[in-house]
Amino acid sequence: MLQISAMVNEIIPELQLISHLRGDWIPEKNITEIRIRSHRNDCFAPSRLSWSLRKWSNDHKGMVYRLRKYSSLWARSGNDLTRLNAAIMDDPVYFLPLFKKLRKLHIPVIAVCHNLETLSAKKTENKSAMSLWQEELEILSRCHLVITISREEDFILNNLGIRTLFIPYYPVEPILGRFL
């Protein structure tokens, strides 16, 4: 996502990156509460889980929970989303409430797809993998454009009628520095 942001920032300097990692647009008390709940085992008891969260693997449920909660807060935030011309969204399968809100407001969404999340090993419950993959494809098909970093995924999505743009992955400076 940093690579895409850096590229777009050269063209559109006023681009604003909103990040869950920094807690942008989310009150601190909500961040703390969401982080605590996402690490509690009783939070993920089958009787307490939403149907969509049950489909993810036990190792992945906490992260999906956190990202969807942040996304829900963003969608309901006091920030005026209607002023956006477009939104570049990192893996919209995780940020579903915000994605739905942007679509409702007719704001084009460009997805950055690092990989097809539901096809990644150990992220989904085996019995739900196909259902989640179909959901992910449905979400991506509703995006104005899907940016991929994988030639294979670009090929698959394009052949399914999903508009894609393949951009090879080159780590930006902060990440490159960690590799060296």
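**Entry 1. Helix H7 and its neighbours**

I started with what the buried residues of H7 pack against in this predicted model. The list I found holds strand E2 (109-113), helix H6 (129-141), strand E3 (145-148) and strand E4 (164-166). I then looked up which residues of H7 (residues 151-159) are buried, and noted Glu153, Asp154 and Leu157. These cover an arc of only 105 degrees around the axis, so they lie on the same side of H7. Two of the three names are acidic residues by their labels, Glu153 and Asp154, and I recorded them as buried like Leu157.

I checked the other side of H7 next, where Arg151, Glu152, Phe155 and Asn159 are exposed. Phe155 went into my notes as exposed, along with Arg151. The general point behind this kind of reading is that an α-helix has 3.6 residues a turn, so residues three or four places apart point the same way. After H7 comes Gly161, and I noted a positive phi for this glycine, near 85 degrees.

**Entry 2. The sheet**

In what order do the strands of the open sheet run? I wrote down E1-E2-E3-E4, four strands with parallel pairing. Strand E1 (87-90) and E4 stand at the edges with a single partner strand each, so one side of each has no neighbour in the sheet. From one strand to the next the twist averages 25 degrees.

I looked at the E1 and E2 pair separately and found four bridges in the parallel sense. For Ala87, the bridge partner in E2 is Val109. Helix H5 (residues 96-104) packs on the sheet and touches E1 and E2. The direction of H5 makes about 160 degrees with that of E1.

**Entry 3. Helix H5**

Which residues of H5 are buried? I listed Leu96, Leu98, Phe99 and Leu102. They cover an arc of only 160 degrees around the axis, which puts them on the same side of H5. What covers these buried residues includes H4, E1, E2 and H6. On the other side of H5 I found Lys100 and Lys104, both exposed.

**Entry 4. Two residues with positive phi**

I looked up the backbone on either side of H5. Asp91 sits in the loop between E1 and H5. Its phi is positive, about 45 degrees, although Asp91 is not a glycine. Is Asp91 buried or exposed? Its relative accessibility is 6%, and the cut-off for buried is under 20%, so Asp91 counts as buried.

His106 lies in the loop between H5 and E2, and takes its positive phi of about 60 degrees just after H5. His106, too, is a residue other than glycine. At 72% relative accessibility His106 counts as exposed, because the cut-off for that is over 50%.

**Entry 5. H2 against H4**

I turned to helix H2 (28-38) and helix H4 (residues 58-76). H2 and H4 pack at an angle of about 155 degrees, and their axes are 9 Å apart. Angles over 145 degrees count as roughly antiparallel, so that is how I described H2 and H4. H2 passes H4 in a right-handed crossing.

Which residues meet between H2 and H4? From H2 I copied Asn30, Ile31, Ile34, Arg35, Arg37 and Ser38. From H4 I copied Gly62, Tyr65, Arg66, Lys69, Tyr70 and Leu73.

**Entry 6. Ser50**

Where does Ser50 lie? I found Ser50 in the loop between H2 and helix H3 (51-54). Ser50 is partly exposed, with a relative accessible area of 39%. I also took the separation of the C-alpha atoms of Ser50 and Tyr65, which is 9.8 Å. These two residues are 15 residues apart along the chain. Tyr65 is one of the H4 residues that meet H2.

**Entry 7. The whole chain**

I finished with totals for the protein chain. There are eight helices and four strands. Along the sequence I read the pattern α-α-α-α-β-α-β-α-β-α-β-α. Of the 180 residues, 43% are buried. Of the contacts with a separation of 6 or more, 52% are between residues 24 or more positions apart.

Notes
Residues numbered from 1 in each chain as written. Predicted model: local features only at pLDDT ≥ 70, side-chain atom pairs only at ≥ 80, totals over all residues. Heavy atoms only, no water. Buried < 20%, exposed > 50% of the residue type's maximum accessible area, 1.4 Å probe, protein only. Arc of directions from axis to C-beta. Contact = heavy atoms within 4.5 Å. Pairing = 2+ DSSP bridges. Axes fitted to C-alpha atoms, helices over the stretch in contact; angles between N-to-C directions. Parallel < 35°, antiparallel > 145°, perpendicular 65-115°, else oblique. Left-handed = near helix turned anticlockwise from the far one by under 90°.
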